[in-house]
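Biologist: I am new to this structure. Please take one helix and go through it closely.

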Amino acid sequence: MTALSVVIPAYDEAVRLPPTLARVREWLLRSGLEHEVIVVDDGSRDATPDVARAGGAVVLQHEPNRGKGYAV
């Protein structure tokens with residue numbers, strides 16, 4: 001059972017996402033909690049989904065862009 005799910009809404013974040021995922025993952029590993037990181041791609045036009053997967057996140061995608069509230 002996953003103890004903690006971290007949900008990160010993202011829209012065109014291919015450049016900024018890798019360092020964010022690295023910091024989140026580092027904290028989660030230090031915490032010792034069973035965890036998952038979920039990136040919700042809000043209709044990005046860049047490589048956000050691919051970058052998120054490469055960073056170890058589960059990716060949920062929807063189109064078109066509907067805003068942060070919808071993604072969360």
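Modeller: Here is a close look at helix α1. The model is predicted, so local features need pLDDT of at least 70, side-chain atom pairs count only at pLDDT 80 or more, and totals for chains, interfaces and linings use all residues. Residues are numbered from 1 along each chain as its sequence is written, and side-chain values use heavy atoms, with hydrogens and water left out.

Start with the extent. Helix α1 covers residues 17-31, which makes 15 residues. Helices here are DSSP runs of H or I with at least four residues, strands are runs of E with at least two, and both are numbered from the N terminus. The expected span is 1.5 Å times one less than the number of residues. For α1 that gives 21 Å, and the end C-alpha atoms are 21 Å apart, which agrees.

Now the inner side. L17, L21 and L28 of α1 are buried. Buried means under 20% relative accessible area, exposed over 50%, and partly exposed in between, with a 1.4 Å probe and protein chains only. Looking down the axis of α1, the buried residues fall within an arc of 35 degrees, so they line one face. The arc is taken from the directions from the helix axis to the C-beta atoms. An α-helix has 3.6 residues a turn, so residues three or four places apart point the same way.

What covers the buried residues of α1? The cover includes β1 (4-10), β2 (35-42) and α2 (48-54).

Next, the other side. R23 and R30 are exposed, on the face of α1 turned away from its buried side. Just after α1 comes G32, with a positive phi of about 80 degrees.

Definitions and conventions
Contact = heavy atoms within 4.5 Å.
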